[in-house]
Amino acid sequence: MVEKSVYEEKAGMSIKELRDKALEHLWLYVHDYSEFAEEDGFKILVEADGIRVKDITGRTYIDNISGLWLVNVGHGRKEIADAVHEQLLHIHYASSYDHTTIPTIKLAAKLAEITPGSLSKVFFCSGGAEAVEMAMKIARQYHIQNGSPHRFKVIGRKGSYHGATWGAQSISGSAIQRPWLFEPLVPMARHVDPIYCYRCPWDLEYPSCKIQCVKEFEKTIQFENPDTVSAVLTEPVSLSGGNIVPVDEYWPMLREICDKYGVLLIADEVITGFGRTGKMFACEHWGIEPDIMTVAKGLSSGYQPVAAAIVKKEIADKFTGSARDALAHGVTFGGHAAACIAALTNIEIMERENLVENAAQMGKYLLGQLETLREHPIVGDVRGIGLLCALELVKDKKTKELFSSEDGIDKKLTKKLNENGLLYKAWPQNIFLAPPLIVTKGDIDEMVGVVDKSIGAVEKEMGIL
Ligand code: PLP
């Protein structure tokens, strides 16, 4: 008889029973059910510590994308668990419609302190998409109350991702979301082509391109009629676009364009915030201050679901005077006491352990090590800033031809990466590397070694070498 593991004992079910129940009842995201039914289609994770996680079979893996670009302080932080526990025993909930709690106030004040410039009014919610919805609604109502009632359009970027709710999806430009399935989308959304120097949409080269990708915003604002444009909404570094880091001129130019036309600039720092790029917020790399910033993920390192839209004082001031001026938006879980204490403790850890600085230093090292992988025939490009890095995979380096779905490069690579000790999947076009900000040089050597070995094995299997 096979002995039950402690996890099976605790669950009161065998691994097989747990897997069967999951396949029957659990709707995991995005992938087809049959993929999950494959032998290693999903893992049941049971423990985690630092940058490593363990599955129910006892295998450990490096968490190469920090859960989902969010476990910034690393796994297993007892300090956060204790703070949440204690808060739950005092008071776990107060409705932000009428009241609040001490950690909620302290977190709002902390966010006002650490975000750039006059970003200082914090509207809490539970996830990134909700924060994006709120930011767009705040922009819309601001313009109504600021004498521009016809400004409702929001300009986003193709290739970007801002969440899965209808509004957030409408402004996203991600083909992975298959937006056509949900048409008609929310009609305020417009899109421009992305920053993507490796595959410039205009076939131009930096710097002679004169940053055409940012000029597209101005052209679009003019075409749409500036009096109808409410906001530009973009990620400082476009993760879902392929981990695209903008050239230095991009953000300052975008800020200037928005100011010129009275359009609000919303920076979606859901992934880039809280040290991920080697600064507390990615906007700081380019010295710009957005009008609204959306944050989630790294705000609590995922220890509790919490997100926020952080708004400039000058804008927030337009929402007071009478009941009609108040923001017409609220959510049940916004400002949840346990979520806010988790976020506060998370930020305290980041500051005490200088994790933003570590992300900057280790990020440079990681990018340097990844550069050595350019020798592989299928590595077309290497990009990154801080601990937000990626490889772009190509079938042909000269033509930059992408692999087709029949090639199954993502499945082949994922299998090898998992076998060699990395947890997260390769995508058809990218391998992403974004470990927790506590990562060391030794960990990075191990991760890059795994990627190198796995790519080599797949190249051999496909007869590319
Ligand atoms: N914005 C960005 C830049 C994101 O990457 C994501 C999610 O990955 C979101 C918003 C949506 O966040 P959530 O999944 O918490 O709704």
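## Ligand contacts

A polar side-chain atom of Lys 297 sits 3.1 Å from an oxygen atom of the ligand. The model is predicted. Two backbone contacts accompany the lysine. A backbone N or O atom of Gly 128 lies 2.8 Å from a ligand oxygen. A polar backbone atom of Ala 129 is also 2.8 Å from an oxygen atom of the ligand. The protein covers 79% of the ligand's accessible area, which is 390 Å² for the ligand on its own.

Which residues are around the ligand? Gly 127, Gly 128 and Ala 129 form one run in the list. Tyr 161, His 162 and Gly 163 form another. Glu 235, Asp 268, Val 270, Ile 271 and Lys 297 complete the shell. By class, four of these residues are nonpolar, four are polar and three are charged. Lys 297 belongs to this shell, and its contact with the ligand runs through the side chain. Gly 128, by contrast, uses a backbone atom, and so does Ala 129.

## The cavity

How many cavities of 30 Å³ or more does a search of the whole structure find? The search finds one. The volume of the largest cavity is about 70 Å³. Rolling a probe the size of a water molecule over the atoms shows where empty space is left.

Ala 22, Leu 23, Leu 26 and Leu 28 line the largest cavity, together with Tyr 33, Phe 36 and Phe 42. Two elements give two or more residues to this lining: helix H2 (15-25) and helix H3 (33-37). Is the lining nonpolar or polar? Seven of its residues are nonpolar, with no polar and no charged residue among them. The ligand shell, for its part, includes three charged residues.

## Cis peptide bonds

Most residues other than glycine have a negative phi, and most peptide bonds are trans. Some places in this model depart from that pattern.

The peptide bond joining Glu 183 and Pro 184 is cis, with omega about 0°. Pro 184 is placed in the loop between helix H8 (166-171) and strand E6 (189-192). The bond from Tyr 206 to Pro 207 is also cis, and its omega is near 5°. Where is Pro 207 found? Pro 207 is in the loop between E6 and H9.

## Positive phi outside glycine

Asn 243 has a phi near 60°, a positive value in a residue other than glycine. Asn 243 is in the loop between strand E7 (229-234) and helix H10 (250-261). Is Asn 243 buried or exposed? Asn 243 counts as buried because its relative accessibility is 0%.

Ser 301 is not a glycine either, yet its phi is positive, at about 55°. The loop that holds Ser 301 runs between strand E9 (292-295) and strand E10 (307-312). With a relative accessibility of 3%, Ser 301 counts as buried.

## A partly exposed loop residue

Val 245 lies in the loop between E7 and H10. Asn 243 has its place in this loop too. Why does Val 245 count as partly exposed? Its relative accessibility is 24%, so Val 245 falls in that class, where the lower limit is 20% and the upper limit 50%.

Val 245 and Lys 364 are 119 residues apart in sequence. In space, 14 Å separates their C-alpha atoms.

## Two buried residues in regular elements

Gln 212 is found in helix H9 (residues 212-224). Its relative accessible area is 18%, so Gln 212 is buried; the cut-off is under 20%. What joins the side chains of Gln 212 and Glu 216? A polar contact of 2.9 Å does.

Gly 380 belongs to strand E11 (residues 379-385). Gly 380 is buried too, because its relative accessible area is 13%. How far apart in space are Gly 380 and Lys 397? Their C-alpha atoms are 5.6 Å apart, across 17 residues of sequence.

Notes. Residues numbered from 1 in each chain as written. Predicted model: local features only at pLDDT ≥ 70, side-chain atom pairs only at ≥ 80, totals over all residues. Heavy atoms only, no water. Near = heavy atom within 4 Å. Polar contact = N/O pair within 3.5 Å; in protein donor to acceptor, adjacent residues only side chain to side chain. Areas by Shrake-Rupley, 256 points an atom, 1.4 Å probe, with all protein chains shown as cover. Nonpolar A, V, L, I, M, F, W, Y, C, P; charged D, E, K, R; others polar. 1 Å grid on protein atoms, 1.4 Å probe; cavity = no way out; pocket = protein on both sides within 12 Å on 5 of 7 lines; lining within 4 Å. Points joined across faces, edges and corners; volume = space filled by probe spheres on them. Helix = DSSP H or I, 4+ residues; strand = E, 2+ residues; numbered from the N terminus. Buried < 20%, exposed > 50% of the residue type's maximum accessible area, 1.4 Å probe, protein only.
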